[in-house]
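Please open the model in your viewer, with side chains available as sticks and a distance tool to hand. The stops below say what to select next and what is to be found there.

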Amino acid sequence: MTDQFLARLDSPIGRLELLADDDAVTSLSIERDGALPHDAEPEHRNAVLDAALTQLREYFAGERTDFDVPVRLHGTAFQLAVWNRLQQLQWGDATSYGALAAAVGKPGSARAIGGAVGANPVPILVGCHRVLASDGRITGYSAGEGVPTKLWLLGHEHIGFAA
């Protein structure tokens, strides 16, 4: 890792690992099976990561409902459109894959939307956990321990879902 900063945070959903450049958070990983991608590397923080850690602590404590720490998203034009739309969702809001597809001008592409949602490099900060099936079911989650992680985040934000 060169020209990147690294920080970790214990959270109710497992350890988090954040990467940043000089100006923005570029990655957030949630521990899976007890491991993070850069566990072998020492933390090297900057002001962006310090702000992100503060905001995440406040979020998990129920004291923060939105994030204003800068994020830098790298992806295809389609992925960026999906992630930008996700950033417009607020605490407690949910959407469906189909509604998200319509919102980005790609109706009928719910499966591709699912791929873009799952590739979100900064979960929680960009609320991909807020996407449900059209009937309100949970169809999966690619971060952390998967569905249990999503269940915790939905419960934390009081977002209802179908069993």
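Begin with the aromatic rings, since the structure holds four aromatic pairs, where a pair means that the ring centres of Phe, Tyr or Trp (for Trp, the six-membered ring) lie within 6.5 Å, with planes under 30 degrees apart counted as stacked, over 60 as edge-to-face and the rest as tilted. Select Y59 and W91: their ring centres are 5.6 Å apart and their planes stand at 75°, so this pair is edge-to-face. The pair links distant parts of the chain, with Y59 in helix α1 (residues 47-60) and W91 in the loop between α2 (77-86) and β4 (95-96), 32 residues apart; helices (H or I, at least four residues) and strands (E, at least two) are DSSP runs, numbered from the N terminus. Y59 is buried, with a relative accessible area of 1%, whereas W91 is partly exposed, at 23%; buried means under 20% relative accessible area, exposed over 50%, and partly exposed in between, with a 1.4 Å probe and protein chains only.

This is a predicted model, in which local features need pLDDT of at least 70 and side-chain atom pairs count only at pLDDT 80 or more, while totals for chains, interfaces and linings use all residues. Residues are numbered from 1 along each chain as its sequence is written, and side-chain values use heavy atoms, with hydrogens and water left out.

Next select F60 and W152, an aromatic pair that is tilted, at 5.7 Å centre to centre and 55° between the planes. Because F60 lies in helix α1 and W152 in helix α5 (residues 147-156), the pair ties together parts that are 92 residues apart in sequence. F60 is buried, with a relative accessible area of 12%, while W152 counts as partly exposed at 29%. If you now add F67 to the selection, you have one aromatic cluster, formed by Y59, F60, F67, W91 and W152.

From F60, move to S11, which touches L16 and F60 when residues up to four places away in sequence are not counted; contact means heavy atoms within 4.5 Å. S11 lies in the loop between β1 (5-9) and β2 (16-20), and at 15% relative accessibility it counts as buried. A C-alpha to C-alpha distance drawn from S11 to G92 spans 19 Å, for two residues that are 81 apart in sequence.

Which residues does S27 contact, leaving aside its neighbours within four places in sequence? They are E17, L18, L19, P121 and V122. S27 itself is found in strand β3 (residues 25-30) and counts as buried, at 18% relative accessibility.

Turn then to helix α2 and select Q79, V82, W83 and L86, which are buried. They cover an arc of only 95° around the axis, which puts them on the same side of α2; the arc is that of the directions from the helix axis to the C-beta atoms. An α-helix has 3.6 residues a turn, so residues three or four places apart point the same way. To view what faces them, show α3 (97-103), α4 (110-118) and β5 (131-132), against which the buried residues of α2 pack.

The charged side chains come next: a search of the whole structure finds 11 salt bridges, each being a side-chain nitrogen of Lys or Arg within 4 Å of a carboxyl oxygen of Asp or Glu. One of them joins R15 to E31, with the closest N and O atoms 3.1 Å apart. R15 lies in the loop between β1 and β2 and E31 in the loop between β3 and α1, so the pair ties together parts that are 16 residues apart in sequence. R15 is partly exposed, at 22% relative accessible area, and E31 is buried, at 16%.

Select also D23 and R72, whose salt bridge has its closest N and O atoms 3.8 Å apart. This pair links the loop between β2 and β3, which holds D23, with the loop between α1 and α2, which holds R72, 49 residues apart.

Finally, the side chains of E157 and R130 meet in a salt bridge at 2.8 Å, N to O, and both E157 and R130 are buried. To close the tour, select R8, R15, E17, E31 and D39, which are joined into one network by salt bridges that share partners.
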